[in-house]
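Subject: Structure handover

Hi,

Here is the structure for you to work from. My notes on it follow below.

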Amino acid sequence: MKVPAKGIIADLHVIRVAPRIGLCDEAKDANKVEKQLMQLLPKKIWGEIGMAISFLGRETC
């Protein structure tokens, strides 16, 4: 939609996979995971990275 993302999707797969690949600390709270990822990753990829991590989790978990 050409609208910049305001955050990163942090579903169950993102919560499980992001710590395993070293992107954030172990957390069970989606808001904490999202905030950690937002601090680490450039804003221009926020719209895509959540789904990319989620798909990786679906394929590997």
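Start with the core. The largest nonpolar core holds 14 residues. Those touching the most other members are Ile 8, Val 14, Val 33, Leu 37, Leu 41, Ile 49 and Ile 53. Three elements each give two or more residues to this core: helix H1 (12-20), helix H2 (30-40) and helix H3 (46-60). H1 supplies the largest share, with four residues.

Please keep in mind that this is a predicted model.

Overall fold

The protein chain has three helices and zero strands. Read from the N terminus, the order is α-α-α. The C-alpha trace spans about 30 × 20 × 15 Å along its principal axes. The radius of gyration is 11 Å. A compact globule of 61 residues would have a value near 10 Å, so the chain agrees with that expectation.

Contacts also say something about the fold. Take the contacts with a separation of 6 or more: 62% of them join residues 24 or more positions apart.

Surface and charge

Of the 61 residues in the protein chain, 31% are buried. The chain exposes about 4500 Å². Carbon and sulfur atoms supply 55% of that area. There are 10 positive and 7 negative charges. Their mean positions lie 4 Å apart.

Val 14 and Ser 54

Which residues does Val 14 contact, once neighbours within four places in sequence are left aside? The list is Ile 9, Pro 19, Val 33, Leu 37, Gly 50, Ile 53 and Ser 54. Two of these, Val 33 and Leu 37, are also among the core residues with the most touching members. Ile 53 is another of that group.

Ser 54 sits in helix H3. Is Ser 54 buried or exposed? Its relative accessible area is 0%, so Ser 54 counts as buried. Neighbours within four places aside, Ser 54 contacts Asp 11, His 13 and Val 14. Ser 54 and Leu 41 are 13 residues apart along the chain, and their C-alpha atoms are separated by 16 Å.

Trp 46 and Gly 7

Trp 46 lies in helix H3 too. Its relative accessibility is 10%; the cut-off for buried is under 20%, so Trp 46 qualifies. Not counting residues up to four places away in sequence, Trp 46 touches Ala 5, Lys 6, Gly 7, Ile 8, Met 38 and Leu 41. Ile 8 and Leu 41 appear in the core list as well. From Trp 46 to Ile 9 is 37 residues along the chain, with 8.1 Å between the C-alpha atoms.

Gly 7 is in the segment before H1. With residues up to four places away not counted, Gly 7 touches Glu 34, Met 38 and Trp 46. Met 38 is thus named for both Gly 7 and Trp 46. Gly 7 and Pro 42 are 35 residues apart along the chain, and their C-alpha atoms are separated by 11 Å.

Gly 22

Where is Gly 22? Its place is the loop between H1 and H2. Gly 22 has a relative accessible area of 58%; exposed means over 50%, so Gly 22 is exposed. Gly 22 and Trp 46 are 24 residues apart in sequence. In space they are 17 Å apart, C-alpha to C-alpha.

In brief

The chain runs α-α-α, and H1, H2 and H3 each give two or more residues to the largest nonpolar core. Ser 54 is buried, as is Trp 46, whereas Gly 22 is exposed.

Best wishes

Technical notes. Residues are numbered from 1 along each chain as its sequence is written. This is a predicted model: local features need pLDDT of at least 70, side-chain atom pairs count only at pLDDT 80 or more; totals for chains, interfaces and linings use all residues. Side-chain values use heavy atoms; hydrogens and water are left out. The radius of gyration is taken over C-alpha atoms; the globule rule is 2.2 Å times the number of residues to the power 0.38. Buried means under 20% relative accessible area, exposed over 50%, partly exposed in between (1.4 Å probe, protein chains only). Contact means heavy atoms within 4.5 Å. Accessible areas come from the Shrake-Rupley method with a 1.4 Å probe; for residues, only the protein chains shown count as cover. Lys and Arg count as positive and Asp and Glu as negative; His and the chain ends are not counted. The place of a charge is taken as NZ of Lys, CZ of Arg, CG of Asp or CD of Glu. A nonpolar core is a set of buried Ala, Val, Leu, Ile, Met, Phe, Trp, Tyr and Cys residues joined through side-chain atoms within 4.5 Å.
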